[in-house]
Amino acid sequence: MTSDIRLDYDQLPPVVPAYVRAAVTLSGGLSDGETIPNIVARLPGMEVRAEALARYRRVCGFDHTEHLPVTYPHVLAFPMHMAVMTHRRFPLKLLGLIHVRNVINQYRAIHAEETLQLEVAVGGHRDVDKGIEFDLITRVRDTAGDIIWDETGTMLSRRKTKRSSEGSSSRKAAETLGFEPSTESDWQVPENIGRRYAGAAGDYNPIHLSPITAKVFGFPRHIATGMWLKAHAAAELAPELSGDAYRLSVAFRKPVFLPSRPRLLYAHADSGLDFALVDQTGDVQHLLGSVSHL
């Protein structure tokens, strides 16, 4: 039994070296009987930079308040995500991983001037039909050591298979939403949103930056970043929410190719809200989500 791999930081690690390591890693996978080792990164204290926060709010559509947007701790921890998933003992290739689900629990509103403790952890995997899934866990604590925010990002390392044809129709989409929309709004997602989000969040995955870089990874053109879609939905839904403690869950379905005009559909539920992002016809579901009060 191997011990945890500990990465202790006194400041956020630089992201550029991690991208270089990701770019030069040409292969990766798990051998029979192998799993992802436990890798834990910790940063005992950090403060939010006001100018970086303001830029993120503008790109994602959040109003200015004294508290952090519910999705912002993901951005704070992103350099540690990269450090963990490009560690020499991490066995999977980072570029090509697919973010399939993301669950955030906010236990209370986080003031923008708080000093925070960050922890990122990964370890173990699950064999699924499409490949290998694993969870990237992020925890945020206050100065007293209490967890005030956590996130589980589920990632997929896809097994090479033939694409299956998936017929879709408006009727099929409506049946699989799981709720009856009461409100909808049209989004205008510009061609440059991937680059703008990268500038605010540090996520320079090439599939989001331009048609040329996306084609290297098999996409006909670049796609919107999943965590921008989640953040933009959270910003729009914020006025509909009561209380500061809630779970914000999404499942990422089909990519949003850029530029695009998807529609956000939502409805109030007993526990909070159900929502979905679909294309203009309603045939394609880009993400399904829910808000549940804690």
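**Exercise 1. In this predicted model, decide whether Arg 195 is buried, partly exposed or exposed, then find its salt-bridge partner.**

Step 1. The relative accessible area of Arg 195 is 37%. Buried would need under 20% and exposed over 50%, so Arg 195 is partly exposed.

Step 2. Its partner is Glu 191, with 2.7 Å from N to O.

Step 3. Now check the partner: Glu 191 has 31% relative accessibility and counts as partly exposed.

**Exercise 2. Work out which parts of the chain are tied together by the salt bridge between Asp 142 and Arg 108.**

Step 1. Start with the contact: the closest N and O atoms of this pair are 3.6 Å apart, and a salt bridge requires them to be within 4 Å.

Step 2. Next, place the residues. Asp 142 sits in the loop between β6 (131–141) and β7 (147–158), while Arg 108 sits in the loop between β3 (98–106) and β4 (115–122), so the pair ties together parts 34 residues apart in sequence.

Step 3. Finish with accessibility: Asp 142 is buried at 11%, whereas Arg 108 is partly exposed at 29%.

**Exercise 3. Find which residue forms a salt bridge with Arg 139, and say where each of the two lies.**

Step 1. The side chain of Arg 139 meets that of Glu 119, at 2.8 Å from N to O.

Step 2. Arg 139 belongs to strand β6 and Glu 119 to strand β4, which links distant parts of the chain, 20 residues apart.

Step 3. Glu 119 is buried, with a relative accessible area of 11%; Arg 139, at 27%, is partly exposed.

Technical notes
Residues numbered from 1 in each chain as written. Predicted model: local features only at pLDDT ≥ 70, side-chain atom pairs only at ≥ 80, totals over all residues. Heavy atoms only, no water. Helix = DSSP H or I, 4+ residues; strand = E, 2+ residues; numbered from the N terminus. Buried < 20%, exposed > 50% of the residue type's maximum accessible area, 1.4 Å probe, protein only.
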